[in-house]
Amino acid sequence: MLHMTPGVNIDITEDNIDQQYRSPDKAIIDDGCDIVIVGRGIYRSNNIKEKTKEYQQICWDSYQNKIN
């Protein structure tokens, strides 16, 4: 069984349309998620490729902290 969650963002915690975000650490370590779903944090970036790599590394680090 996998636990997935949307609403992960490394830059903001909420926006002006009542979306509330969680950090990768909160989602992965505290809430036990296996897969995080990132939307606006990537597609609203000026450099999508670099932002995707940044999320990948941050989430991988959080996962490593979770299992260790």
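**Lys-26 and Asp-31**

I looked up Lys-26 and noted it as partly exposed, at 36% relative accessibility. The model is a predicted one, and I read every value below with that in mind. Lys-26 pairs with Asp-31 in a salt bridge, with 3.3 Å between the closest N and O atoms. I then turned to the partner. Asp-31 sits in the loop between α1 and β2, and its relative accessible area of 27% makes Asp-31 partly exposed as well.

I listed the contacts of Asp-31, leaving out residues up to four places away in sequence. They are His-3, Arg-22 and Lys-26. I also took one distance from Asp-31 to helix α3. Gln-57 is 26 residues from Asp-31 in sequence, and their C-alpha atoms are 19 Å apart in space.

**Asp-34 and Lys-66**

Next I checked Asp-34. Asp-34 forms a salt bridge with Lys-66, and the closest N and O atoms are 3.4 Å apart. This pair joins distant parts of the chain: Asp-34 is in the loop between α1 and β2 (35-37), Lys-66 is in helix α3, and 32 residues separate them. I recorded both ends as partly exposed, Asp-34 with a relative accessible area of 37% and Lys-66 with 30%.

**Asp-11, Lys-51 and Glu-54**

I searched the whole structure for salt bridges and got 6. One of them is between the side chains of Asp-11 and Lys-51, at 3.0 Å from N to O. Asp-11 belongs to the loop between β1 (4-6) and α1 (24-30) and Lys-51 to helix α3 (residues 48-67), so this salt bridge ties together parts that are 40 residues apart in sequence.

Is each partner buried or exposed? Asp-11 is exposed, with a relative accessible area of 51%. Lys-51 is at 14% relative accessibility and counts as buried, because the cut-off for buried is under 20%. I followed the pair further and found a network of salt bridges that links Asp-11, Lys-51 and Glu-54.

**Helix α3**

I checked the length of α3 next. Its 20 residues should span 28 Å at 1.5 Å a residue, and the C-alpha atoms at its ends are 28 Å apart, which agrees.

Which residues of α3 are buried? I noted Lys-51, Tyr-55, Cys-59 and Ser-62. Viewed down the helix axis, these buried residues fall within an arc of 60°, so they line one face of α3. The general rule I had in mind is that an α-helix has 3.6 residues a turn, so residues three or four places apart point the same way.

I looked at the other side too. The face of α3 turned away from the buried side carries Lys-49 and Gln-56, which are exposed. For the buried side I asked what covers it, and the cover includes α1, β2 and α2 (40-43).

**Ser-62 and Asp-25**

I picked Ser-62 from the buried residues of α3. Ser-62 is at 2% relative accessibility and counts as buried. Not counting residues up to four places away in sequence, Ser-62 touches Pro-24, Asp-25, Ile-28 and Ile-29.

I then read the contact from the side of Asp-25. Asp-25 lies in helix α1 and, at 39% relative accessibility, is partly exposed. With neighbours within four places in sequence left aside, Asp-25 is in contact with Asp-30 and Ser-62. I added one distance here: Asp-25 and Tyr-63 are 38 residues apart along the chain, and 8.2 Å separates their C-alpha atoms.

**Arg-40**

I went to helix α2, where Arg-40 is found. Arg-40 has a relative accessible area of 21% and is partly exposed; the cut-off for buried is under 20%, so Arg-40 does not count as buried. Apart from residues up to four places away in sequence, Arg-40 touches Asp-15, Ile-17, Gln-19, Tyr-21 and Ser-45. I also looked up its distance to Asp-61. The two are 21 residues apart in sequence, and their C-alpha atoms are 21 Å apart in space.

**Nonpolar surface patch**

My last entry concerns the surface. Which residues make the nonpolar patch? I wrote down Leu-2, Met-4, Ile-35 and Ile-37, with about 380 Å² for the patch. Of these, Met-4 is found in strand β1.

Terms used: Residues are numbered from 1 along each chain as its sequence is written. This is a predicted model: local features need pLDDT of at least 70, side-chain atom pairs count only at pLDDT 80 or more; totals for chains, interfaces and linings use all residues. Side-chain values use heavy atoms; hydrogens and water are left out. A salt bridge is a side-chain nitrogen of Lys or Arg within 4 Å of a carboxyl oxygen of Asp or Glu. Helices (H or I, at least four residues) and strands (E, at least two) are DSSP runs, numbered from the N terminus. Buried means under 20% relative accessible area, exposed over 50%, partly exposed in between (1.4 Å probe, protein chains only). The expected span of a helix is 1.5 Å times one less than its number of residues. The arc is that of the directions from the helix axis to the C-beta atoms. Contact means heavy atoms within 4.5 Å. Patches are made of residues with over 30% relative accessible area and no salt bridge: like charges are joined within 9 Å, nonpolar side chains (Val, Leu, Ile, Met, Phe, Trp, Tyr) within 5 Å. Accessible areas come from the Shrake-Rupley method with a 1.4 Å probe; for residues, only the protein chains shown count as cover.
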